[in-house]
Structure formats: C-alpha cells, structure tokens
Amino acid sequence: MVTGAHLNLALLFVFIAVSASVSAASRCSSTTFSADRTFAHCRDLPHLDSSLHWTYDSAARNLSIAFVATPASPEGWVAWAINPSGGGMRGSQALIGFHQANGSMGVKTYNITEYGPIAEGRIAFQTADLAAEFSGGTMRIFGKLVLPQGMSPTVKQVWQVGATVANGVPQRHEFDRENLEAVGLVDLSRGVFAQSPPPDPAPSTPASSGTSPPGAAAGGSPRTPASGCKNLNGISKPATLIILLAFGFLFI
C-alpha cells in the first residue's frame, strides 16, 4: 500500500536523480574561458573528469581546441592528442600542459612513438597559439591545429592526466581503467563523439620510467556519447537507477 511517507521518499529520490542529471549535463556548457575564448562545440569526455571544447573550420582545416581536465596532482600534467594512425597511444600527436621551470603554465608538443620516456618535438600538424592555465585544481590547454589536406573530420582523440613532471618531462600516468579507456572518436564537423574501433592491446608491463601520455593503449567497449552539453536527450544511468528505486519504494 502506498502511504504518504512512501510517496514523499519516492519524490525525494526523483528530485535527487533529476538534479544530478541536469548538473552533469551543464558542466561542459557552463565552462567559460579567459581572453574571450569561445568554441562552437563542447562535450564532456567519458573518463578522467575532463571535457573538450572546439571549433573546426572544414574549408581551412583549422581546429581550435580547449581541453579541460583535473591533473592527478597539482604539479602534474594533462594531455590531449589526435592519433592519425588510429591507434591508442602509439602515433598520438599530443599537446601536453604542465607547470614550466619558471612556475608558469605552458604547452609542449610530443610525437608519442613508444610506451617509454617521451621527448618534446614537432608533431604532424601545424600548431599555433599554444597556451595553458591552472586554477581551482583544473588545468586548461589551448591550441590551434591545421589538419592535413584530405584528412577525415572524424579523428581518433586520446587524452590523459598524470601526477608528476621531472626535469621538464611529464612522467608516466597510472594504468587504471579510467586511464586506459581515455580514447575515442570525435566528429569535428558535426560536434559529436562517434563509435570507436577496437583499440590497441595494452602493454604487458608498464614502463618503469618516463611516461605514456596520452592514453596508453586502451581496452573496453566502443565509445558512446558522454554526458554533457550535447547530451541532453536522456537521463544518466545513475539517475535512471535512482528513479527506479524511487518507484520501488511506492510498492513496499
């Protein structure tokens, strides 16, 4: 029998679920940037408490991005990359942001060829206006890339966070599931995430020194759109479970 107490409890569960869903959906779209930076698209990424913001000019093949993430520690690093070869870590053309030797934030470019230590170097894309910020425990990296002629606007993106930088070199990240699954496809023109092909196998033994940013070869199921500013058509899985529990209480 449904009582007033049951009904009140059920309504409370529904309120919590809807509030959580709306909050998650607004994280990406509510982000603002310094220097009047604005972007046409934004999506919350499904792993590592991060989001991607971008504008893509298909005619000029110009891509402007902002990657926002919480590093594994305040003195750590964050990275976003495109992998034109379609793999996981190997082949990633990465932008990595971290505190420089003088204490300021900066972005360096890395062509990630192996799982071991990395070295700063030129990447496959022309870059401009590289910059980074750190505030409130969050790092933001900015950059403009020119994609090669004939390259598909649906690209393999890889992102990552790490805890330490030693002698100006980002060190290896964790190999937890969140880290290993930080890879997917993004359709730059349509502003959506796409389903990913099967990723590379993970390395059998993590490197003992250096780093593997961004995104050591990933495992797991194909990617689906993450919650965020472009995913307002449904309610998140946790919210759905809470609502189901609420209706269950009505019949206890």
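At 22% relative accessibility, F39 counts as partly exposed, since the cut-off for burial is under 20%, and this residue is a convenient place to enter the structure, which is a predicted model. F39 forms an aromatic pair with F33, and the geometry of that pair is edge-to-face, with 5.4 Å from centre to centre and 85° between the planes. F33, for its part, has a relative accessibility of 13% and therefore counts as buried.

F33 also takes part in a second pair: the centres of the rings of F33 and F142 are 5.5 Å apart and their planes stand at 85°, so this pair too is edge-to-face. What makes the contact of interest for the fold is that it links distant parts of the chain, because F33 belongs to the loop between α1 (4-26) and β1, whereas F142 belongs to strand β8, 109 residues apart. Both F33 and F142 are buried. The count of aromatic pairs comes to two, and through these ring pairs F33, F39 and F142 are linked into a cluster. A charged side chain joins the picture at F142, where R37 lies over the face of the ring at 3.8 Å from its centre. A similar arrangement is found for R43, which lies over the face of F193 at 4.8 Å from the ring centre.

With this cluster in mind, the overall plan of the protein can be set out. The protein has 252 residues, of which 45% count as buried, and it contains three helices and 13 strands. Its accessible surface comes to about 12,300 Å², and carbon and sulfur atoms account for 57% of that area. If one takes the contacts between residues at least 6 apart in sequence, 64% of them join residues at least 24 apart.

The strand that carries F142, β8, leads into one of the sheets. Five strands form this open sheet, in the order β1-β2-β3-β8-β7, and their pairing is antiparallel. At its edges stand β1 (41-44) and β7 (126-135), each with a single partner strand, so that one side of each is left without a neighbour in the sheet. From one strand to the next, the twist of this sheet averages 15°. Strand β7 is joined to β8 (residues 138-146) by eight bridges, and the two run antiparallel. Within this part of the sheet, F134 stands opposite M139 in β8.

A further open sheet is built from six strands, which follow one another in the order β6-β5-β4-β9-β12-β13, again with antiparallel pairing. Here the edge strands are β6 (105-111) and β13 (192-194), each of which pairs on one side only. Neighbouring strands of this sheet are turned by 30° against each other on average, with direction ignored. Inside the sheet, strand β9 (residues 154-162) runs antiparallel to strand β12 (residues 183-187), and five bridges join the two. One of the residue pairings here is that of V155, whose bridge partner in β12 is V186.

At the β6 edge, β5 and β6 pair in the antiparallel sense over seven bridges, and A94 has Y110 in β6 as its bridge partner. Although β6 is an edge strand, it is mostly covered, with five of its seven residues buried. The hairpin of β5 and β6 has five residues between the strands, and in this hairpin G103 takes a positive phi near 95°.

The loop between β5 (93-99) and β6 also contains Q100. With a relative accessibility of 19%, Q100 counts as buried, because the cut-off for that class is under 20%. When its neighbours within four places in sequence are left aside, Q100 is in contact with M105, G106 and K108. Q100 is also 6.7 Å from G168, C-alpha to C-alpha, although the two are 68 residues apart in sequence.

Key: Residues numbered from 1 in each chain as written. Predicted model: local features only at pLDDT ≥ 70, side-chain atom pairs only at ≥ 80, totals over all residues. Heavy atoms only, no water. Pairing = 2+ DSSP bridges. Helix = DSSP H or I, 4+ residues; strand = E, 2+ residues; numbered from the N terminus. Axes fitted to C-alpha atoms, helices over the stretch in contact; angles between N-to-C directions. Buried < 20%, exposed > 50% of the residue type's maximum accessible area, 1.4 Å probe, protein only. Contact = heavy atoms within 4.5 Å. Areas by Shrake-Rupley, 256 points an atom, 1.4 Å probe, with all protein chains shown as cover. Phe/Tyr/Trp six-rings, centres within 6.5 Å; stacked < 30°, edge-to-face > 60°. Lys NZ or Arg CZ within 6 Å of the ring centre and 35° of its normal.
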